[in-house]
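The exercises below are meant to be worked through with the sequence and the coordinates side by side. Each one sets a task and is followed by a solution in steps.

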Amino acid sequence: MGDRHWTVTGPLDANLQCAVCSDGLDEPRKLAGCGHYFCRSCIEAWLRTNATCPIDRHPASLGGLEQPDRLVVAMLGDLRIACSLCDFRGAQSAHQCPQFACPAPGCGFCGADNDHLLRHTERAHPALHPAPSPRARPDKSSSQLAYADQHDDHASDNLLLAGVAFAATLAGGFFLGKALANNSKKERQ
Ligand SMILES: [Zn+2]
Ligand SMILES: [Zn+2]
Ligand SMILES: [Zn+2]
Ligand SMILES: [Zn+2]
């Protein structure tokens, strides 16, 4: 179900299993009200036609999806997975999918999924994350991830990647400008 691109091949702890697709949590999201976890694509699809948690029927909405706790991300990193996009087999944390390559010039980083790529670009290339567009919430804590969550999932992936690619072009110019500035400084000394 959804747009997941990998499946678990090894043992799967029930706590790391999505109740909708029965596979390991893919881009996990937490429901604010009850704290249950699901794959992003699974829970977004469910909440388009339901207003409750699939497990305990606690009231839920697309706006109430939260980022996963670090511990969950770390535990998911230990899962043995197989990727259908790049034929990778091994620990999820070692998965570097060419499908989620960093758009920054010369970087070479590949993420395991969109979440992973965004965590990288936010940390390594802050210039790729300019001021949020007028449609995003203005508060600083809402990252590009939260912005993506407010939109249809297929559209958001494309929008997001287009945005990152566009920002990369800008950032490329910025880095180049800086490098040139540094060079001319050196020449003057
Ligand atoms: Zn799922
Ligand atoms: Zn629940
Ligand atoms: Zn892959
Ligand atoms: Zn990068």
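**Exercise 1. Determine what share of the contacts in the protein with a separation of 6 or more comes from residues 24 or more positions apart, and set this beside the burial and the confidence of the model.**

Solution. In this predicted model, residues 24 or more positions apart account for 45% of the contacts with a separation of 6 or more. Turning to burial, 28% of the 189 residues of the protein count as buried. As for confidence, the mean pLDDT is 80, and 68% of the residues reach 70 or more. Over residues 140-159 the pLDDT falls below 50, and this stretch has 23 contacts in the model beyond near neighbours in sequence. Residues 170-189 also have a pLDDT below 50, with six contacts counted in the model beyond near neighbours in sequence. Where pLDDT is low, the predicted coordinates should not be read in detail.

**Exercise 2. List the elements of the protein from the N terminus on, and work out the order of strands in the open sheet of three strands.**

Solution. The protein has five helices and six strands, and from the N terminus on they follow the pattern β-β-β-α-β-α-β-β-α-α-α. Three of the strands form an open sheet with the order 3-2-4 and antiparallel pairing. Strand 3 (37-39) and strand 4 (65-66) each have a single partner strand and stand at the edges, so one side of each is left without a neighbour in the sheet. Strand 2 (residues 28-31) runs antiparallel to strand 3 and is joined to it by three bridges; within this pairing, Pro-28 has Cys-39 of strand 3 as its bridge partner. Helix 1 (residues 40-47) lies across strand 2, strand 3 and strand 4, and it runs at about 95° to strand 3.

**Exercise 3. Describe the stretch that UniProt lists as "domain: RING-type" in terms of its helix and strand content.**

Solution. The unreviewed UniProt entry lists residues 18-57 under this name. Over residues 18-57 the chain is 20% helix and 18% strand, and the end C-alpha atoms are 15 Å apart.

**Exercise 4. Decide whether Pro-11 counts as buried or exposed, and locate this residue with respect to the strands and to Leu-79.**

Solution. Pro-11 belongs to the loop between strand 1 (6-8) and strand 2. A residue counts as exposed if 12 or fewer other C-beta atoms lie within 10 Å of its own; Pro-11 has 7 C-beta neighbours inside 10 Å and therefore counts as exposed. Although Pro-11 and Leu-79 are 68 residues apart along the chain, their C-alpha atoms are separated by 7.8 Å.

Terms used
Residues are numbered from 1 along each chain as its sequence is written. Chains are lettered from A and ligands numbered from 1 in the order in which they are written. This is a predicted model: local features need pLDDT of at least 70, side-chain atom pairs count only at pLDDT 80 or more; totals for chains, interfaces and linings use all residues. Two strands pair if DSSP finds at least two bridges between them. Helices (H or I, at least four residues) and strands (E, at least two) are DSSP runs, numbered from the N terminus. Two residues are in contact if their C-beta atoms, placed from the backbone, lie within 7 Å. Axes are lines fitted to C-alpha atoms, for helices over the stretch in contact, and angles run from 0 to 180 degrees between N-to-C directions. UniProt positions are given in the numbering used here, feature names are shortened, and annotations may be inferred rather than shown by experiment. A residue is buried if 20 or more other C-beta atoms lie within 10 Å of its own, exposed if 12 or fewer, and partly exposed in between; C-beta atoms are placed from the backbone. pLDDT is the predictor's confidence in each residue, from 0 to 100.
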